[in-house]
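Please have a look at the chain shown here, and let us walk through it together, strand by strand.

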Amino acid sequence: MERLCPKHGTPLESRGKLWHCEACNALYKVRGECGDCGSELEKVAACGASNWWCNRCNELKSKSKIKTEMVAA
Ligand SMILES: [Zn+2]
Ligand SMILES: [Zn+2]
């Protein structure tokens with residue numbers, strides 16, 4: 001999936017778990033927020049796919065229920 005720099009709106013380059021912006025010369029990471037309770041989610045990798053876990057709801061969240069944003073790593 002393509003990620004964009006929050007400052008420039010330019011596509012970021014994948015660096016493992018992080019994302020690099022040429023223009024910022026900075027690294028970003030994806031932050032996930034639970035659409036149900038607003039807590040920050042933990043990213044868990046299972047079966048090659050990444051899922052989001054909410055500690056407050058105590059359950060995995062489907063992509064349709066979460067909000068993601070790019071934050072400085
Ligand atoms: Zn940038
Ligand atoms: Zn939650």
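What follows is a guided tour, from the overall picture to the sheet and then to a few single residues.

Keep in mind as we go that this is a predicted model. The average pLDDT of the chain is 92, and 99% of the residues score at least 70. Confidence is highest in strand S2, with a mean of 96, and lowest in strand S4 (residues 42-46), where the mean is 84.

Start with the overall build. The chain has 0 helices and 7 strands, so read from the N terminus its elements follow the pattern β-β-β-β-β-β-β. If you trace the C-alpha atoms along the principal axes, the chain spans about 40 × 25 × 20 Å. There are 73 residues in the chain, and 14% of them count as buried. As for how the chain meets itself, take the contacts with a separation of 6 or more: 32% of these involve residues 24 or more positions apart.

Now to the sheet. Four of the strands, in the order S1-S2-S3-S7, make up an open sheet with antiparallel pairing. At its edges lie S1 and strand S7 (66-72), each of which pairs on one side only. On average, and with direction ignored, neighbouring strands of this sheet are turned by 40° against each other.

Let us go through the first part of this sheet more slowly. Strand S1 (residues 13-15) and S2 run antiparallel and are joined by 3 bridges. Two of the residue pairings are easy to find: Glu 13 of the chain stands opposite His 20 in S2, while Arg 15 has Leu 18 in S2 as its bridge partner. The hairpin of S1 and S2 has 2 residues between the strands, and in this hairpin Gly 16 takes a positive phi near 65°.

S2 then pairs onward. Another 3 bridges join S2 to strand S3 (residues 26-34), and these two strands also run antiparallel. Here His 20 turns up again, since its bridge partner in S3 is Leu 27. His 20 thus links up with Glu 13 in one direction and with Leu 27 in S3 in the other.

Which residues of S2 lie on its covered face, and which on its uncovered one? In this strand, which covers residues 18-21, Trp 19 and Cys 21 form the covered face, whereas Leu 18 and His 20 form the uncovered one. Both residues of the uncovered face have already appeared as bridge partners, Leu 18 with Arg 15 and His 20 with Leu 27.

The hairpin of S2 and S3 has 4 residues between the strands. Asn 25 sits in this loop and has a positive phi of about 50°, although it is not a glycine. Is Asn 25 buried or exposed? Asn 25 is exposed, because 7 other C-beta atoms lie within 10 Å, and a residue with 12 or fewer counts as exposed.

Asn 58 makes a good companion to look at next. Asn 58 is located in the loop between S5 and strand S6 (59-61). Asn 58 is not a glycine either, yet it has a positive phi of about 60°. With 7 other C-beta atoms within 10 Å, Asn 58 is exposed.

Turn next to strand S5 (residues 49-54), where you will find Asn 51. Asn 51 counts as partly exposed because it has 17 C-beta neighbours inside 10 Å, a number between the cut-off of 12 or fewer for exposed and that of 20 or more for buried. Apart from neighbours within four places in sequence, Asn 51 is in contact with Val 44, Ala 46 and Leu 60. Asn 51 and Leu 41 are 10 residues apart in sequence, and their C-alpha atoms are 9.5 Å apart in space.

Our last stop is Lys 67, back in the sheet on strand S7. What does Lys 67 touch, not counting residues up to four places away in sequence? Its partners are Glu 33 and Gly 35. Lys 67 and Glu 33 are 34 residues apart along the chain, and 5.1 Å separates their C-alpha atoms. Lys 67 counts as exposed, because it has 11 C-beta neighbours inside 10 Å.

Terms used. Residues numbered from 1 in each chain as written. Chains lettered and ligands numbered in written order. Predicted model: local features only at pLDDT ≥ 70, side-chain atom pairs only at ≥ 80, totals over all residues. Axes fitted to C-alpha atoms, helices over the stretch in contact; angles between N-to-C directions. Contact = placed C-beta atoms within 7 Å. pLDDT = per-residue confidence, 0-100.
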